[in-house]
Amino acid sequence: MEKTNNKTNTAATVLKRWAPVVVMLSFLAVEFYSKFLRYSAASSDLQKGFKGIVLIAMLLGLLLNFKSNKRLILLLCALFGIFLAGQFTLDPAFSYANWLTLGRFVLPLVFFGFFASYPTDKDGLHSFFKLFEWFFVLNLLFVLVGMAADWYVVHTYMGDRFGYNGFLVTSSTASYAFFAALGYYYFHYGIAALRQWRFWIVVVGSALAGTKSLYLGMVLFGLLILFDHYKKYWKFLLPVGLLCLIGALYILLYQVPEFAQIREQEGFWSALLSYRDQLLVTQTLPYVTDNWQWSNYLFGGVSDFSLRSQLDLIDLFFFWGIFGGLIYLFTYLKTYFDFKLTWPQLAYFLILGLMVLFAGNFFIYTSVPLFLLSIKLAIKQAQG
């Protein structure tokens, strides 16, 4: 009996020390492998299979610690029942693509629940944070070498649009990853982050990524730092901040030729949302009006999720319906925010929420939870 307990304790110690590091290394490797496939016009199910195995393993981990995860497991069961209810309205039902989308939605919930259930120890946190910081250094080096050598794989976009995200596979992932890194440094090191060269590596990488949502986030994040440290000057900083934000939008949409042309030809919202407003009008809404019954409005049920608008809150309800979407949002927020927020942290996450409206694909890109975990762990460590 004592030997069994020792083995259990050893397994728990290994999980608490090395699980975040192993998951980060493997997820980042899969991320770049996906990027390589995307730009080489090749295909593989390896990355899907790997993340499926990780999802199943973490689910088993939650079940083994059922008492601590009872609420999350029950909510996951409710979401699975809602998914079934939506699928039964489809013909054919339960397609491979829909199972895959379900897994993408569920992965963040299981991911956050698992690491809350098996909290990382001090040494594990130190290794995780160092790996996280050095990833962005290596990513910038890769971008700079790729720019000099004209490696197309370092580009953010497939085409001539400016942007270099390095190892990261999509523009949305880059937006969330770099913004997560900015938040990590500030909440981990405080104002001393501004004196660290690796923080400025993240700033340079963010500028090179070339995504509108990230630029918006950077401007607002800079204003957040000013407000946090110069509160007594808020009457001056507030109008200056608004002017900076308006100026940034003006430069982006009126002075940058690519976006100015879109604005002139397709309108302000198409330029700001990268045509997502048109996807909503031409793809998502027609599918809903032509195919949904009353039950779909409650429980979802989509035969082709590629018809989504890429406006994330809308897409969330597009897949889950109103009832399912509300349960999913509740589960996501309760699973992630198991710590108290100070006002700068709350403001940071509100900025992130604003970015989600512009960047899209927040809930289904399976690398995003990894970067969000870094902020969460940094905040919780700072809180002691």
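## Helices 3, 7 and 15 in a predicted model

Gly360 comes directly after helix 15 and has a positive phi, near 75 degrees. The structure described here is a predicted model.

Helix 15 covers residues 343–359. Its buried residues are Pro344, Gln345, Ala347, Tyr348, Phe349, Ile351, Leu352, Met355, Val356, Phe358 and Ala359. The cover over these buried positions includes helix 6 (171–189), helix 8 (212–229), helix 11 (268–273), helix 12 (276–291), helix 14 and helix 16 (368–383).

Helix 3 runs over residues 70–87. Within helix 3, Leu72, Ile73, Leu75, Leu76, Leu79, Ile82, Phe83, Gly86 and Gln87 are buried. Among the elements that cover them are helix 2 (46–64), helix 4 (96–117), helix 13 (294–299) and helix 14 (312–336). Helix 14 thus appears in the cover of helix 3 and also in that of helix 15.

The lengths of these two helices can be checked against a rise of 1.5 Å a residue, as tabulated below.

| Helix | Residues | Expected span | Distance between end C-alpha atoms |
|---|---|---|---|
| Helix 3 | 18 residues (70–87) | 26 Å | 26 Å |
| Helix 15 | 17 residues (343–359) | 24 Å | 24 Å |

The two values agree for helix 3, and they agree for helix 15.

Gly205 lies in helix 7 (residues 197–209). Its relative accessible area is 6%, and Gly205 therefore counts as buried, the cut-off being under 20%. Leaving aside residues up to four places away in sequence, Gly205 touches Leu140 and Phe178. Leu272 is 67 residues from Gly205 along the chain, and the C-alpha atoms of the two are separated by 22 Å.

Conventions:
Residues numbered from 1 in each chain as written. Predicted model: local features only at pLDDT ≥ 70, side-chain atom pairs only at ≥ 80, totals over all residues. Heavy atoms only, no water. Helix = DSSP H or I, 4+ residues; strand = E, 2+ residues; numbered from the N terminus. Expected span 1.5 Å × (residues − 1). Buried < 20%, exposed > 50% of the residue type's maximum accessible area, 1.4 Å probe, protein only. Contact = heavy atoms within 4.5 Å.
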